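Biologist: Please take a close look at one part of this model, a single residue and its setting. Start with what touches that residue, then work outwards to the elements around it.

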Amino acid sequence: MHLHDFEQQWPRFREWLEANGAEVLSPTNSYEAARFRTAEGIGVIYMDADRHLTKWVRGAWEAWDAWKNKKPWRATPKPERKSRAR
């Protein structure tokens with residue numbers, strides 16, 4: 001995917017990320033197309049010099065796939081439930 005195509009979808013993806021608890025962060029270098037917090041840490045979508053998206057790390061691909069395919073996804077780990085002794 002080229003950065004141009006990603007940028008067209010980014011506003012809706014970003015809105016979905018935030019609605020699912022992700023904190024969207026600013027890219028830290030010119031090879032980052034997007035950066036956001038996931039349950040696995042800081043998810044980053046990288047691009048090459050030709051502006052093609054090349055690498056999706058720490059849950060970034062899982063978030064994108066969930067958004068595109070309308071699957072459930074959480075930016076934070078599911079809280080563990082403590083059982084109540086009766």
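Modeller: Leaving aside residues up to four places away in sequence, Arg 35 touches Val 24, Leu 25, Ser 26, Pro 27, Thr 28, Ile 42, Gly 43 and Val 44. The model is a predicted one. With one of these residues, Thr 28, there is also a polar contact: the side chains of Arg 35 and Thr 28 meet at 3.4 Å. Arg 35 has a relative accessible area of 16%; the cut-off for buried is under 20%, so Arg 35 counts as buried.

Arg 35 is placed in strand E2. That strand covers residues 32-38 and runs antiparallel to strand E3, residues 41-47, with six bridges joining the two. Within this pairing, Arg 37 stands opposite Ile 42 in E3, and Ile 42 is also among the residues that Arg 35 touches.

The wider sheet is open and has four strands in the order E1-E2-E3-E4, paired antiparallel. Its edges are E1 (24-25) and E4 (53-57); each has a single partner strand, so one side of each has no neighbour in the sheet. Val 24 and Leu 25, both touched by Arg 35, make up the edge strand E1.

Two helices complete the setting. Helix H1, residues 3-19, packs on the sheet and touches E1, E2, E3 and E4, its direction making about 15° with that of E2. Helix H2, residues 60-68, lies across E2, E3 and E4 and runs at about 105° to E4.

The buried residues of H2 are Ala 60, Ala 63, Trp 64, Ala 66 and Trp 67. Viewed down the helix axis, they fall within an arc of 165°, so they line one face of H2. An α-helix has 3.6 residues a turn, so residues three or four places apart point the same way. The buried residues of H2 pack against H1, E2, E3 and E4, and E2 is the strand that holds Arg 35.

On the H1 side, Gln 9 lies in that helix. Gln 9 is buried too, at a relative accessible area of 15%. Not counting residues up to four places away in sequence, Gln 9 touches Met 1, Trp 64, Trp 67 and Lys 68. Trp 64 and Trp 67 are among the buried residues of H2. Just after H2, Lys 70 takes a positive phi of about 55°.

How values were computed:
Residues are numbered from 1 along each chain as its sequence is written. This is a predicted model: local features need pLDDT of at least 70, side-chain atom pairs count only at pLDDT 80 or more; totals for chains, interfaces and linings use all residues. Side-chain values use heavy atoms; hydrogens and water are left out. Two strands pair if DSSP finds at least two bridges between them. Contact means heavy atoms within 4.5 Å. Axes are lines fitted to C-alpha atoms, for helices over the stretch in contact, and angles run from 0 to 180 degrees between N-to-C directions. Buried means under 20% relative accessible area, exposed over 50%, partly exposed in between (1.4 Å probe, protein chains only). A polar contact is a pair of N or O atoms within 3.5 Å; within protein, one must be able to donate a hydrogen and the other to accept it, and residues adjacent in sequence count only if both atoms are side-chain atoms. The arc is that of the directions from the helix axis to the C-beta atoms.
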